[in-house]
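Hi there,

Here is the structure I promised to pass on. My notes follow below it.

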Amino acid sequence: MKTLTLLMLMVCGSGCSAAPDQPPGSDFPGADNRVDARQPIAPAGLENVDWQLREYLGDAGETLAVLPGTTVDARFSNGQVGGSTGCNRFFASYTHAENNRLVLAPGIGATRMACPEAIARQEQRYLALLPLVASWRRHDDTLQLLDKDRELLLEYTAARPVQLDGSSWQASGINNGRGGVVSGRSTGLATATFTSETISGSAGCNSFSATYQAKGNRLTIGPAATTRKHCAEPEGIMQQEQEYLDALARVHTFTLKTGRLELRDENGALQVSYRAQGD
């Protein structure tokens, strides 16, 4: 037995090494922990998940919940992060290192659609917090982004997969065609229900229906057929109706989250935002 132990020590003295540590941040150890020391450790548990913001740090140090009817999110993948600010789209590059370190590159880009005042304030705060991120941690379906002192900045929940087909929606914001997404008392009168090939609902006064095609995140909506009545109330409903139908005609992509749907044009500008009917 002593001879066998000595032989093993002699062999390992020249050819054995300790197994590398599990990649940081993962709560789910893999079967094979070997990594190439020349490559950066992939941030297991962070990437390729649709993260939907739940809470964030306010200007006065308070914890704020995301505004109802808005979707703020992020997806990290291969050094690029992007998502919705609740009105506009943002995009940036990032780097990661051991011990869950995470840094977004300076100069976060974003589209420049005008937003309702409250949503604009939320958007500004979100974009101000992202460059302060220094590390991350995950527990189950919750992701937390932390500052250099490991204080919580942003807390997300993993979004569950949902389908467009068979879903029904109530508008929470409509692009007015003049560079702004507006929301008012009558916005929720505009609705949409998707079946296998048809979108239909209320444009606010009249009913409408149209065909659509969806592939991946691409979405095109054909010309809408509508009823032809005139509604005097609520005030401005006929203008809103036309803006809604015009916005649907400009749709090029969609983003679907639990309880939230965003339709955007080919430049990424928000055309219609929805909340699930009944929310």
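What covers the buried residues of H2? The cover includes strands S1 (51-57), S2 (63-65), S3 (73-77), S4 (80-84), S5 (89-97) and S10 (152-158). Helices (H or I, at least four residues) and strands (E, at least two) are DSSP runs, numbered from the N terminus. Among the buried residues of H2 (under 20% relative accessible area, 1.4 Å probe, protein chains only) are Ile 119, Tyr 126 and Leu 129.

Before you go further: this is a predicted model, where local features need pLDDT of at least 70, side-chain atom pairs count only at pLDDT 80 or more, and totals for chains, interfaces and linings use all residues. Residues are numbered from 1 along each chain as its sequence is written, and side-chain values use heavy atoms, leaving out hydrogens and water. The average pLDDT (the predictor's confidence in each residue, from 0 to 100) is 85, and 84% of the residues score at least 70.

You will also find two disulfides (pairs of cysteine sulfur atoms within 2.5 Å). Cys 87 and Cys 115 have their sulfur atoms 2.3 Å apart. Cys 87 sits in the loop between S4 and S5 and Cys 115 in the loop between S7 (109-110) and H2, so this pair ties together parts 28 residues apart in sequence. Their S-S torsion is about -95°, so the disulfide is left-handed.

The other pair, Cys 205 and Cys 231, has its sulfur atoms 1.9 Å apart; at 75° about the S-S bond, that link is right-handed. Both Cys 205 and Cys 231 are buried, as are both Cys 87 and Cys 115.

Best wishes

Conventions
Buried < 20%, exposed > 50% of the residue type's maximum accessible area, 1.4 Å probe, protein only. Contact = heavy atoms within 4.5 Å.
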